[in-house]
Amino acid sequence: QVQLAESGGGSVQAGGSLRLSCAASGRAFSTYAMGWFRQAPGKEREFVAGINWSGGSTYYADSIKGRFTISRDNAKNTVYLQMNSLKPEDTAVYYCAARRAPVVTTTSLYNYWGQGTQVTVSS
């Protein structure tokens, strides 16, 4: 069992930056693949970025590639999402998620979810 808690959301102007954190409690965090997802009003939840258990492999959605960076610190049981050059279309609730298997982009294949943190980007 893993409990996840996101933080770091907020309101920024276009072009700004935010860093989201996802703190995990429970056992064996370092064995989980982690993902960041987002959900905008009226839209389905979508994959943003993923990182394997060691941090050696990362995956990104095309819409954020080159602007966002996912990383993890297994000693701190935390995964991060650095978001730069933010755009109004990045406005959404951002969620972190965990699964005991390779990174995938399918929402339903993640077993554990945080409560989400709101990111609002104004033009």
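Glutamate 46 and arginine 38 make a good way in: they form a salt bridge whose closest N and O atoms are 2.7 Å apart. A salt bridge here is a side-chain nitrogen of Lys or Arg within 4 Å of a carboxyl oxygen of Asp or Glu.

Before the exercises, a word on the ground rules. This is a predicted model, where local features need pLDDT of at least 70 and side-chain atom pairs count only at pLDDT 80 or more, while totals for chains, interfaces and linings use all residues. Residues are numbered from 1 along each chain as its sequence is written, and side-chain values use heavy atoms, with hydrogens and water left out.

**Exercise 1. Work out which residues are linked with Arg38 in a network of salt bridges.**

Step 1. Start with the count: there are four salt bridges by this rule.

Step 2. Take the opening pair and look at its surroundings. Arginine 38 is buried at 6% relative accessibility, while glutamate 46, at 36%, is partly exposed. (Buried means under 20% relative accessible area, exposed over 50%, and partly exposed in between, with a 1.4 Å probe and protein chains only.)

Step 3. Now go to aspartate 90, which forms a salt bridge with arginine 67, with 2.7 Å between the closest N and O atoms. Aspartate 90 is in the loop between strand 8 and strand 9 and arginine 67 in the loop between strand 6 (58-60) and strand 7, so this pair ties together parts that are 23 residues apart in sequence. Strands (E, at least two residues) and helices (H or I, at least four) are DSSP runs, numbered from the N terminus. Aspartate 90 and arginine 67 are both buried.

Step 4. Put it together: the network of salt bridges links Arg38, Glu46, Arg67 and Asp90.

Step 5. For another salt bridge, try aspartate 62 and lysine 65, where the closest N and O atoms are 3.2 Å apart. Both of these residues are exposed.

**Exercise 2. Find what surrounds arginine 38.**

Step 1. Place the residue: arginine 38 lies in strand 4.

Step 2. Check its side-chain polar contacts (pairs of N or O atoms within 3.5 Å; within protein, one must be able to donate a hydrogen and the other to accept it, and residues adjacent in sequence count only if both atoms are side-chain atoms). One goes to the side chain of glutamate 46, at 2.7 Å, and one to the side chain of tyrosine 94, at 2.9 Å.

Step 3. Widen the search to contacts, meaning heavy atoms within 4.5 Å. Leaving aside neighbours within four places in sequence, the partners of arginine 38 include Glu44, Val48, Ser63, Phe68 and Asp90.

**Exercise 3. Describe the aromatic pairs that tyrosine 32 and tyrosine 112, and phenylalanine 37 and tyrosine 110, form.**

Step 1. Know what to look at: a pair of aromatic rings is described by the distance of the centres and the angle of the planes. Rings of Phe, Tyr and Trp (its six-membered ring) pair if their centres lie within 6.5 Å; planes under 30 degrees apart count as stacked, over 60 as edge-to-face and the rest as tilted.

Step 2. The count by this rule is six aromatic pairs. In one of them, tyrosine 32 and tyrosine 112 are 6.0 Å apart centre to centre with 75° between the planes, which is edge-to-face. Tyrosine 32 belongs to the loop between strand 3 (18-26) and strand 4 (33-39) and tyrosine 112 to strand 10 (residues 112-113), so the pair ties together parts 80 residues apart in sequence. Both tyrosines, 32 and 112, are buried.

Step 3. For phenylalanine 37 and tyrosine 110, the ring centres are 5.0 Å apart and the planes stand at 75°, so this pair is edge-to-face. It links distant parts of the chain, 73 residues apart: phenylalanine 37 is in strand 4 and tyrosine 110 in the loop between strand 9 (92-99) and strand 10. Phenylalanine 37 is buried at 0% relative accessible area, and tyrosine 110 is buried at 4%.

Step 4. Zoom out: ring pairs join Phe37, Phe47, Tyr95, Tyr110 and Trp113 into a cluster.

**Exercise 4. Say how strand 8 fits in.**

Step 1. Five of the six residues of strand 8 (residues 78-83) are buried, so the rest of the structure largely encloses this strand.

Step 2. Strand 8 runs antiparallel to strand 3, joined by six bridges, with leucine 20 opposite leucine 81. (Two strands pair if DSSP finds at least two bridges between them.)

Step 3. Six bridges also join strand 8 to strand 7 (residues 68-73), again antiparallel.
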